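Visitor: I have a protein model to look at. Could you show it to me and take a few questions?

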Amino acid sequence: MRIVMGLVMAAGLTAASGAQVAPPSEVLDVHDHVAAVSADRIEADITTLVSFGTRHTASETESETQGIGAARRWIYDEFQRISADCGGCLDVMYVSETISGERRIPDPVEVVSVIAIQRGVSDPDRMVVMSGDIDSRVSDVMDATSISPGANDNASGVAGALEAARVLSQDRFAGSIMYAALAGEEQGLFGGRIVADYALEQGWRIKAVLNNDMIGNISGINGVIDNSTARVFSEGTRATETPEEARIRRFTGGEVDSPSRNLARYIDRTADQYVPNLDVMMVYRLDRFGRGGHHRPFNDAGMPGVRIMETYEDYNRQHQDIRVEDGVEYGDVLEAVDFDYAAKLTGLNIATLAQLAGAPPFPADVTISGAVQPSTTLSWVRPSGAQAENLMGYRVYWRLTDAPQWTHSRYVGDVTEFTLENIVIDNYYFGVSSVAADGSESPVVFPGPAGSFGGY
């Protein structure tokens, strides 16, 4: 079991001559984590979830074999089994609230999510999240009894979160990881809202939410078959932006540099570096056109979050009664899931989570200056104490304003300010990341409120 490197080891990363030594360019353990993902285990988990018949939010809760009650108890027990294999390293719990008077939940229903938290060794209240949705539905969103396998939507996401817990619980990280099976998604994103509120009440600092909603389909409604691309949706400006913050952004930029957008860029880079035969399509939109997902309640609460999913959807396999009409098969059934592809996207999540949790505290209070000057200066605040024990230093990034991805960077060491000589502020966007001694790195943080991931 690897333990993240602390100050003693980090301090040793200085050449005898006194010259600064940069951290490694990759985290070797991440390759092993990705390779450990099992498509067979994911298939077994999706098969079990499908076996509950329906997981509709208002379905059976007393049966041991059918309905959402049986499904969430099985997920809870599975997290407990995973925890037993790592010496009790997961805190497993239900987070719930009774909902009523809503268009899709008119009568009282207890909406119950299952979460498992792998506590960080030095910064346990800093948290990154991987989530999937427990519930399923057929054509009529109010039909709580018909067979609704929900194999891809969204047993695939829950199975991915379980597999991530199996793999990453064998390691230890500076920050915490939450594996979440969220409820009530089809009825109005209630589980995400309830868990986001609970996190705020507990004082957890959620820095990234990876919402996995449909990660197992490779055959599109348009006839395209693609098992090598994933989409990552992210909001542009933060949902919680104030009028004053909008005024600042108008003059300094940041429309495409919200924390969620820079989290998406981070995932894109991770795919290129750590996941074979997978490319990320960054979609500059909160979600699919006019539609929603369970990262949105976290965004609404000011937490960075993205949606990770397949690139080509088959709408005949979503929100449909199981049937055959005019030779066309409808229904979200097990046979339509590609388990190898689900494993690949799970590997993307695992590689991302490992780096995020292994990174030092994300840069906070990042500011920038350089108007009417030949050079640009970035500054930030350094954390102290146990939080910073794996901090080696910082990396400054910049790119042309129309470039989708960060193109230039420089490791600048353990400092709180750096000037890029003869790099004119007007021509580029800038940011800064924190780096651990093993190479784990935070997302790039854009200066000012537009790009802030929050305080330490």
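Visitor: Is strand β6, residues 229–234, enclosed or open to the outside, and how many of its residues are buried?
Guide: This is a predicted model. Buried means under 20% relative accessible area. Strand β6 is largely enclosed by the rest of the structure, because its buried residues number six of the six.

Visitor: Which residues of β6 are buried on each side?
Guide: Take the two faces of β6 in turn; both are covered. One side has Thr229, Arg231 and Phe233, all buried. The buried residues on the other side are Ala230, Val232 and Ser234.

Visitor: Which strand runs parallel to β6, and which residue of that strand stands opposite Phe233?
Guide: Strand β7, residues 279–283, runs parallel to β6. Five bridges join the two. Opposite Phe233, in β7, stands Val283.

Visitor: Which strand runs antiparallel to β6, and what stands opposite Ala230 there?
Guide: Five bridges join β6 to strand β8, residues 305–310, and this pair runs antiparallel. In β8, the residue opposite Ala230 is Glu310.

Visitor: How many helices and strands does the protein chain have?
Guide: Strands β6, β7 and β8 belong to a longer list. The secondary structure of the protein chain comes to 16 strands and ten helices.

Visitor: What radius of gyration does the protein chain have, against that of a compact globule?
Guide: The chain has 456 residues, so a compact globule would come out near 23 Å. The value for the protein chain agrees with that: 22 Å.

Visitor: What share of the residues in the protein chain is buried?
Guide: The count runs over 456 residues. The buried share is 59%.

Terms used:
Residues numbered from 1 in each chain as written. Predicted model: local features only at pLDDT ≥ 70, side-chain atom pairs only at ≥ 80, totals over all residues. Heavy atoms only, no water. Helix = DSSP H or I, 4+ residues; strand = E, 2+ residues; numbered from the N terminus. Rg over C-alpha atoms; globule rule 2.2 N^0.38 Å. Buried < 20%, exposed > 50% of the residue type's maximum accessible area, 1.4 Å probe, protein only. Pairing = 2+ DSSP bridges.
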